[in-house]
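Please take a look at the sequence and the model below. A short report on selected local features follows.

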Amino acid sequence: MLEDLTAAASSPTAWPAAYPRGYAVVDVETTGLARDDRIISAAVYRLDARGEVEDHWYTVVNPERDPGPVWIHGLTSDVLEGAPLFRDIAAEFATRLEGRVLVAHNAVFDWQMIAREYARARGEAPVRQRLCTIALSKELGLPLPNHKLESLAAHFGVVQQRAHHALDDARVLAEAFRPSLRAAAAGGVRLPLHECLPLTEWTERPRIGQQAGPGGYRPASWRPSRKRPACPYPNPGRYEPGKRLRQGMRVAFSGDTSVERDLLEDRATEAGLHVAGSLSRLTSLLVTNDPDSGTSKVVKARQYGTPVVDEAAFGQLLADVEPASEG
């Protein structure tokens, strides 16, 4: 099937009428992955119905807090000090998104960050649907070694110049999305579109074990040490597909992830989950983008019957973790 899609992708004779009329390929760099982290840069490539670039836009954003993992995104406090606040660029950002499907690599993460920023600014992002390029690559059966952006780019011969720079990541994704979209159109593949539900209000909540600083801000800690505090909640058992995660559940990760593993694990910890380095009969859930691999964790999960979800699904589950049972 892949060969047929690739052969027809260059010039599909008929374009599916149900496909969207335009796309906004987005990348945001952030101070981290937690609910209260902030956007520090954003880029949008606007594409027409067939994936051709119309224009692009980029801005840095003052997060009003510590910039987080500078070693990843390269944006220091000095660089961001004079940048506009999100509320100052919200209107321009909205014009880039309006009437288009938001496209991103691990789209649920970018969408959640954008929706929260608009809620903080007492606004609403004009986005009704999103498309994750990880999900699309799976629909197309692309032979990728993992689900990182660099692997998708390499598959289509796109050269990445500045990884973790929002503008270059958005450009790379736009160039890789175009042939993916055409392959999907040529094969009549249904696009993996998901509804976006904007937030309408925002309430800050403290992170576990952090003290408020000036103005109520609780700074994140980005010490080199990755030792995590013990999970304060008992393990409620295995995750049941279709239900919510619950605080205290033991979560293990296997294989490559599209975002930095340490940051993904930080987000799980801050949600009240127990991040486990190995898999046992007590593990509640395994997160992997390659469930068919032969890693020891995947093999054990199969033996124990441990539920398995991919990174995108896990991101959605993290958005609504059920509090631990009292008593």
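Which residue in strand 3 stands opposite A42? The residue is T59. This is a predicted model.

**The hairpin**

A42 and T59 belong to a wider pairing. Strand 2 covers residues 39–48, and strand 3 covers residues 53–60. The two strands run antiparallel and are joined by seven bridges. Four residues lie between them in the hairpin. Among the residues of this hairpin, G51 adopts a positive phi near 90°.

**The parallel sheet**

Further along the chain comes an open sheet of four strands. Its order is 8-7-9-10, and the pairing is parallel. Strand 8 (274–276) and strand 10 (308–309) form the edges, each pairing on one side only. Strand 7 spans residues 250–254 and runs parallel to strand 8, with three bridges between the two. One bridge partner is known by residue: R250 pairs with H274 in strand 8.

Helices pack against these strands. Helix 9 (residues 261–270) lies across strand 7 and strand 8. Its direction is at about 170° to strand 7. Helix 10 (residues 296–304) also packs on the sheet. Helix 10 touches strand 7, strand 9 (285–288) and strand 10. The angle between the directions of helix 10 and strand 9 is about 140°.

**Helix 5 and its flanks**

Helix 5 runs over residues 107–120. What span should its 14 residues have at 1.5 Å a residue? The expected value is 20 Å, and the end C-alpha atoms are 20 Å apart, so the two agree. The helix is mostly covered, with 14 of its 14 residues buried.

Both flanks carry a positive phi. N106 sits in the loop between strand 4 (101–104) and helix 5. N106 is not a glycine, yet its phi is near 65°. R122 comes just after helix 5 and has a positive phi of about 60°.

**Two helix residues and their surroundings**

H73 lies in helix 2 (residues 70–73). Its side chain reaches the backbone oxygen of P67 at 2.8 Å. Beyond its neighbours within four places in sequence, H73 contacts E29, T30, I40, P67, G68 and H164. Of these partners, I40 falls within the residue range of strand 2.

H164 is found in the loop between helix 7 (149–155) and helix 8. H164 has a positive phi of about 70° although it is not a glycine.

S180 lies in helix 8 (residues 166–187). Setting aside residues up to four places away in sequence, S180 touches L136, L140 and F156. S180 and F156 are 24 residues apart along the chain, and their C-alpha atoms are separated by 8.9 Å.

**Accessibility**

Are these residues buried or exposed? The table lists the relative accessible area of four residues discussed above.

| Residue | Relative accessible area | Class |
|---|---|---|
| S180 | 5% | buried |
| N106 | 5% | buried |
| H73 | 9% | buried |
| H164 | 28% | partly exposed |

Why does H73 count as buried? Its relative accessible area is 9%, and buried means under 20%. Why is H164 classed as partly exposed? Its relative accessibility is 28%, and partly exposed lies between the 20% limit for buried and the 50% limit for exposed.

Methods
Residues are numbered from 1 along each chain as its sequence is written. This is a predicted model: local features need pLDDT of at least 70, side-chain atom pairs count only at pLDDT 80 or more; totals for chains, interfaces and linings use all residues. Side-chain values use heavy atoms; hydrogens and water are left out. Two strands pair if DSSP finds at least two bridges between them. Contact means heavy atoms within 4.5 Å. Axes are lines fitted to C-alpha atoms, for helices over the stretch in contact, and angles run from 0 to 180 degrees between N-to-C directions. Buried means under 20% relative accessible area, exposed over 50%, partly exposed in between (1.4 Å probe, protein chains only). A polar contact is a pair of N or O atoms within 3.5 Å; within protein, one must be able to donate a hydrogen and the other to accept it, and residues adjacent in sequence count only if both atoms are side-chain atoms. The expected span of a helix is 1.5 Å times one less than its number of residues.
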